[in-house]
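Biologist: I am new to this structure. Could you take a close look at one part of it, the salt bridges and what lies around them, and walk me through it in order?

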Amino acid sequence: TFLFMQSSTGVVTAFDCETGKQLWARSVGLSDRAIYPATMNDETLFVINGLKMFAVQKTTGDILWELVLPRQPSASAVADNDRVYIGFLDGSMYAFDLKTILDLHAKQMLPQFAVDAVKWRFRTSQPIIVPALPEGALLSFASRNGSVYTVSSEDRKLKFQFETDAALSAPMIHYKDQLLLASEDAHFYSLNATNGRPAWEFATGDVIRKAPVLIDDEVYLLPDQGRLFKLSAATGKELWPRPRPRTRSFLSASARHLFVTGHDNTLQVLSRGSGGLEGEFPLERFTVHLTNDRNDRIYVATESGLIMCLHELGRDFPRFHLHPEREPVLPELAPDSFDPEAAAAEPPAAEPPAEEAQPEGDK
């Protein structure tokens, strides 16, 4: 697995997640253009730099192609294995077909025929303010006026439109058949992802601007005032007796612990069950904190670009949250004193005799 870091100058660097080995570094686009956080699918990293989108090979850093965008983006791109989806300032959501882009690039028809790469365009009345959210055959996105749209990712057919009381304030997330979203009115909503029917609603008392973090069946919210909430993703029920105060950022989670940072730039170890503080230590110059919802590794960095990875004692291999099926399967090892020949020669232990049934009157 890879860890990708973007600098303010447009340089993208890839590291091995477990060893920290630098795999490649590449300047993508110009250093004086607006840069959005990169996104990726199984094979490719996508970077928006100014009015261009670049496709970068994840394993080598080679730039596969670049595409001139039709207008100014307003949010980061997102991608699945068929399309890249980008929201724009004029309220448009575009779907770009990856197979068509590859064909155009092979025929040296880019950038002149970039318009042919557009699979579809959906127009709203306000700018798209958060990255779109693809899930299976559906794509969800939101405009500045608080309208949430879910369309077919294949042909933009509208499945439902939901109106919140205020604009969305943070990226949306999926939990099973639910769409979870936060709005500027300090509310957190759960909608049925296929028909938009409200499932539950939770008020935090302050605006949520950081992306909600989903770990297993739990969702963690960190509003502006610095209180960390833990909710059941299925029901919206608050799972801690009280929110954890003075929390700056969410780092990662293990089976028993949460790792967060406090307002004094300390790494805090919390009980995942109760939210109680179990330990802390200063991070000093490591003031850049990365939220990791994929596994239990902790990543922090300095402003100058030094990255540090930490993990829980005894966890030599990561615990995967997002794709548990990709977690390494470890062999079961016999103890050092185990003798297979002696074990084969030893007769099996005799089973204890069955108890004799007693008449009803003897009980």
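Modeller: Glutamate 218 is buried, and arginine 272 is buried as well. Both statements, like those that follow, refer to a predicted model. The side chains of glutamate 218 and arginine 272 meet in a salt bridge, with N and O 3.0 Å apart. This pair links distant parts of the chain, since glutamate 218 sits in strand β21 (residues 218–221) and arginine 272 in the loop between β25 and β26, 54 residues apart. The two residues also belong to a network of salt bridges that links Asp216, Glu218, Lys230, Arg272 and Arg319. By the rule used here, the count of salt bridges comes to 18.

The loop that holds arginine 272 is the turn of a hairpin. β25 and β26 form this hairpin, with five residues between them. Strand β25 covers residues 266–271 and strand β26 covers residues 277–282, and the two pair in the antiparallel sense over five bridges. Within that pairing, glutamine 268 of the hairpin stands opposite glutamate 280 in β26. In the turn, glycine 275 has a positive phi of about 85 degrees.

A second salt bridge to compare joins arginine 71 and aspartate 90, whose closest N and O atoms are 2.8 Å apart. Here too distant parts of the chain are linked: arginine 71 is in the loop between β7 and β8 (78–79), aspartate 90 is in the loop between β9 (83–87) and β10 (92–97), and 19 residues separate them. Arginine 71 counts as partly exposed because its relative accessibility is 28%. Aspartate 90 has a relative accessible area of 22%, so aspartate 90 is partly exposed.

A third salt bridge lies within one helix. The side chains of lysine 99 and aspartate 103 meet at 3.4 Å, N to O. Both residues lie in helix α1, four residues apart, which is about one turn of the helix. Lysine 99 counts as exposed because its relative accessibility is 58%, and aspartate 103 is partly exposed because its relative accessible area is 36%.

Lysine 99 leads on to the second largest pocket. The lining of this pocket is made up of Asn41, Glu43, Thr44, Phe46, Leu64, Trp65, Asn81, Asp82, Asp97, Leu98, Lys99 and Leu102. About 220 Å³ of space lies in the pocket. Five of the lining residues are nonpolar, three are polar and four are charged. At least two residues of the lining come from each of β5 (44–49), β7 (63–68) and α1 (98–106). The largest share, three residues, is supplied by α1.

Trp65 is listed in the pocket lining and is also a member of the largest nonpolar core. This core has 21 residues, and those that touch the most other members are Met53, Trp65, Leu67, Val84, Ile86, Phe96 and Ile101. β5, β6 (52–57), β7, β9, β10 and α1 each supply at least two residues of this core. The largest share of the core, three residues, comes from α1.

To return to the starting point, glutamate 218 and arginine 272 are buried, whereas lysine 99, at 58% relative accessibility, counts as exposed.

Conventions: Residues are numbered from 1 along each chain as its sequence is written. This is a predicted model: local features need pLDDT of at least 70, side-chain atom pairs count only at pLDDT 80 or more; totals for chains, interfaces and linings use all residues. Side-chain values use heavy atoms; hydrogens and water are left out. Two strands pair if DSSP finds at least two bridges between them. On a 1 Å grid over the protein atoms alone, a cavity is a set of points where a 1.4 Å probe fits but cannot get out, and a pocket is an open set with protein on both sides within 12 Å along at least five of seven lines; lining residues have an atom within 4 Å of a point. Grid points are joined across faces, edges and corners, and a volume is the space filled by probe spheres set on the points. Ala, Val, Leu, Ile, Met, Phe, Trp, Tyr, Cys and Pro count as nonpolar, Asp, Glu, Lys and Arg as charged, and the others, Gly among them, as polar. A salt bridge is a side-chain nitrogen of Lys or Arg within 4 Å of a carboxyl oxygen of Asp or Glu. Buried means under 20% relative accessible area, exposed over 50%, partly exposed in between (1.4 Å probe, protein chains only). A nonpolar core is a set of buried Ala, Val, Leu, Ile, Met, Phe, Trp, Tyr and Cys residues joined through side-chain atoms within 4.5 Å.
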